[in-house]
There are 4 protein chains.
Amino acid sequence: MSAAPVTERGRRTRDRLLEAARAVFEERGFLETRVSDIAERANVAIGTFYTYFDSKDAIFVALVDAFIAALYEQSHVGEVAGPDPRQRIRTSNARFVEAFRRHGNLYGVIVQAASFNDEVRRRRLASRSVFIERATRGLRQLQAQGVADPTLDADVTAALLCGMVENFVERSHDLGLPFDDEAAVDAMTEIWARAIGLAP
Amino acid sequence: MSAAPVTERGRRTRDRLLEAARAVFEERGFLETRVSDIAERANVAIGTFYTYFDSKDAIFVALVDAFIAALYEQSHVGEVAGPDPRQRIRTSNARFVEAFRRHGNLYGVIVQAASFNDEVRRRRLASRSVFIERATRGLRQLQAQGVADPTLDADVTAALLCGMVENFVERSHDLGLPFDDEAAVDAMTEIWARAIGLAP
Amino acid sequence: MSAAPVTERGRRTRDRLLEAARAVFEERGFLETRVSDIAERANVAIGTFYTYFDSKDAIFVALVDAFIAALYEQSHVGEVAGPDPRQRIRTSNARFVEAFRRHGNLYGVIVQAASFNDEVRRRRLASRSVFIERATRGLRQLQAQGVADPTLDADVTAALLCGMVENFVERSHDLGLPFDDEAAVDAMTEIWARAIGLAP
Amino acid sequence: MSAAPVTERGRRTRDRLLEAARAVFEERGFLETRVSDIAERANVAIGTFYTYFDSKDAIFVALVDAFIAALYEQSHVGEVAGPDPRQRIRTSNARFVEAFRRHGNLYGVIVQAASFNDEVRRRRLASRSVFIERATRGLRQLQAQGVADPTLDADVTAALLCGMVENFVERSHDLGLPFDDEAAVDAMTEIWARAIGLAP
DNA sequence: AATGAATGAGAATTCATTCAT
DNA sequence: GATGAATGAATTCTCATTCAT
């Protein structure tokens with residue numbers, strides 16, 4: 001039903017809808033958001049919404065995909081962090097936390113939607129897997145270099161440590177308190193380093 | 001409106017409703033559960049539901065309170081685990097994981113409901129605090145005994161390690177895969193022990 | 001179904017229910033009053049209510065009857081007011097207004113109930129007729145005595161003048177303002193006297 | 001939620017709803033009227049009702065406003081009635097009675113609704129005030145012209161006389177008997193004229 | 001007489017989606 | 001492309017009354 005816009009005007013309308021949807025979802029959550037709210041915020045008629053998106057679920061999934069892509073991008077360390085393992089771990093954690101601080105409101109809505117929408121849940125878990133796989137590869141490299149304890153099960157350890165970080169950003173967003181991210185990143189980096197047996 | 005039952009018959013009916021609610025919530029989730037489903041499962045008229053509970057939210061909160069109390073009870077280590085710190089940590093983690101395996105379905109519904117119901121969210125976070133405080137006290141003791149690294153910030157460290165465990169049970173429930181809990185508990189205990197500087 | 005109480009204890013319970021009903025109806029109006037409110041106020045179980053009254057409507061009608069009887073009684077002039085016609089008219093109006101000041105809250109509820117309950121409406125209108133008939137008889141006497149204008153249609157004139165008084169008490173109760181009853185009674189008595197051609 | 005219609009089609013639908021609501025309210029009274037009755041009578045879906053009105057109360061208030069405006073319009077005497085005071089009073093009363101004969105069914109429902117809906121009650125009393133003020137102004141003019149008794153309190157007298165008229169139309173509608181409006185208007189005009197001391 | 005648990009019909013309202021213009 | 005009117009299924013909650021104890 002919904003179609004990719006062919007005209008420039010259409011593209012702009014679709015973008016307005018996406019931006020409006022993000023704003024309204026963040027403000028009201030998924031359930032409380034009405035399609036009419038999104039249309040109103042985008043200054044279009046309700047019918048126009050359905051010109052570009054099949055449903056409320058569909059526009060949300062589009063937002064989720066964009067969110068995940070941005071998160072992955074922004075938390076990549078790559079060549080940036082230098083060769084020091086502990087420094088690389090710290091940078092990775094810091095970037096992840098920072099990315100959540102930027103997008104945390106939408107993330108909360110994703111958690112909500114994932115609790116009753118299979119498509120959203122699948123994307124959420126798939127995205128999580130990607131992060132864990134990256135961490136697992138990193139850990140394996142350190143083991144291969146003889147820097148990390150080679151007896152550890154890299155899969156399980158990486159999953160648990162990533163979960164620790166994930167849990168921190170989720171709960172700190174839930175609690176809404178002004179967290180000291182620096183100290184938290186220091187602490188989780190310390191735990192991470194000790195856990196994989198990195199020499200101090 | 002709702003009232004505590006005065007007679008034995010009333011108490012039984014109220015208990016039937018609670019049990020029916022738990023079952024239906026676990027099967028269908030919070031949103032998909034209708035009050036009429038609960039009443040039907042309990043073999044009472046809809047009006048009878050409202051004799052004992054003000055709303056769907058109210059009966060859910062009653063279940064949450066019972067759940068939290070049971071979880072706290074079942075995951076207490078106390079004198080059971082002996083004096084060895086690592087063993088105590090392992091037992092605590094194992095009990096927590098086991099308790100979730102028993103009640104995981106309701107826990108998933110609590111996470112869902114917490115995403116749009118403030119009362120549930122408050123309870124969820126308060127319960128979490130209690131666990132973290134217990135872990136913090138345990139860590140402080142080990143530091144005082146000279147067994148754990150005294151330079152660690154006990155609050156932050158305990159929160160992060162508890163978060164790791166919490167995240168594991170949440171996600172493993174979400175993923176619905178048959179996890180090897182023994183291995184996972186071993187791994188998280190190992191991380192925990194290393195993180196607080198427990199001698200191997 | 002409901003029965004006249006045979007025991008002393010029963011009579012007391014029935015009286016408590018009537019008194020409680022009056023209080024609750026006055027506070028909340030007919031529609032907002034629940035039978036359970038009445039029972040609670042009377043300190044009896046709901047079932048006990050139905051021992052003495054068939055329904056919510058039935059207890060209300062019982063109150064209406066008592067109200068009408070009291071109103072009629074209290075606004076009777078009889079021999080009290082002396083022989084002067086104007087003085088008799090004034091006393092009658094003053095008593096009627098005073099009686100409403102005492103029972104106005106219930107009267108408002110009767111107006112409400114009369115708007116959807118035929119039995120109440122009938123009683124309300126019948127009571128009104130009784131007052132008008134009394135006024136008509138009074139007017140006819142004055143005409144026979146040559147004191148009032150004999151060309152007037154006594155029925156219509158009495159009905160209109162009674163309506164003036166009735167309207168005053170209804171609206172002044174609705175408006176809830178602190179009315180100057182003395183001045184109002186003076187004014188309506190003046191109108192009444194002039195209308196029937198009483199010599200000044 | 002409800003919105004003013006933007007298109008001609010919308011305006012027509014809204015008007016159909018208003019007309020249907022008036023008909024159903026008059027037939028069944030406020031309490032017995034269901035929103036679905038109104039929608040059905042207007043040949044629209046229930047949802048369409050809520051496109052234009054927030055609630056059953058809201059559409060009723062809209063009807064009340066229209067009713068009051070029409071009543072005021074139709075009972076205005078203005079230049080129509082000529083300069084003779086008695087004739088002007090008679091025309092005014094006659095128009096008022098006639099207007100009620102046309103709209104009496106809705107008026108009865110307004111009385112009912114005013115007994116439990118504050119917004120309706122406020123409008124009813126405000127409308128009444130407007131009529132009384134008009135009568136007060138008229139009386140003051142006659143006093144200034146030396147035609148009416150200058151010692152009368154114009155406010156109180158006008159209020160009482162208007163109340164007499166109001167009471168007549170209310171009760172004659174309640175009673176549902178075929179009243180002789182001519183005779184009644186004659187009688188109330190006579191009372192009115194005598195009360196304010198108009199020379200015969 | 002008194003109790004209070006149980007009943008269930010009934011009505012208002014929401015909002016995602018469709019479709020004629 | 002854009003508009004906004006129209007749809008109607010679906011669910012909550014109330015409360016007068018009954019009846020077994």
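Which residues form a nonpolar patch on the surface? Here are some notes to help you find them, and to look at the DNA afterwards.

1. **Reading the model.** This is a predicted model, in which local features need pLDDT of at least 70 and side-chain atom pairs count only at pLDDT 80 or more, while totals for chains, interfaces and linings use all residues. Residues are numbered from 1 along each chain as its sequence is written, chains are lettered from A and ligands numbered from 1 in the order in which they are written, and side-chain values use heavy atoms, with hydrogens and water left out.

2. **The patch.** The residues are A:L175, A:L177 and A:F179, which together have about 250 Å² of accessible area (Shrake-Rupley method, 1.4 Å probe, with only the protein chains shown counting as cover for residues). Patch members have over 30% relative accessible area and no salt bridge; nonpolar side chains (Val, Leu, Ile, Met, Phe, Trp, Tyr) are joined within 5 Å, like charges within 9 Å. A salt bridge is a side-chain nitrogen of Lys or Arg within 4 Å of a carboxyl oxygen of Asp or Glu.

3. **A closer look at A:F179.** Find A:F179 in the loop between α7 (154–175) and α8 (181–195) of chain A; helices are DSSP runs (H or I, at least four residues), numbered from the N terminus. A:F179 counts as partly exposed because its relative accessibility is 34%, and that class lies between buried (under 20%) and exposed (over 50%), using a 1.4 Å probe and protein chains only.

4. **Around DNA strand E.** Strand E is surrounded by 35 residues, the closest being B:T13, B:Y52, C:V6, C:G47 and C:Y52; near means that a heavy atom of the residue lies within 4 Å. Of the strand E atoms that come within 4 Å of the protein, 74% belong to sugar and phosphate. For polar contacts (N or O pairs within 3.5 Å), try the side chain of B:T13, with an N or O atom 2.5 Å from a phosphate oxygen of strand E, and that of D:Y50, at 3.0 Å from a phosphate oxygen of strand E.

5. **Around DNA strand F.** Here 36 residues surround the strand, and the closest are A:G47, A:Y52, D:T13, D:G47 and D:Y52. Sugar and phosphate make up 73% of the strand F atoms within 4 Å of the protein. A polar backbone atom of A:G47 is 3.0 Å from a base nitrogen of strand F, whereas B:Y50 places a polar side-chain atom 2.8 Å from a phosphate oxygen of strand F.

Notes
Helix = DSSP H or I, 4+ residues; strand = E, 2+ residues; numbered from the N terminus. Polar contact = N/O pair within 3.5 Å; in protein donor to acceptor, adjacent residues only side chain to side chain.
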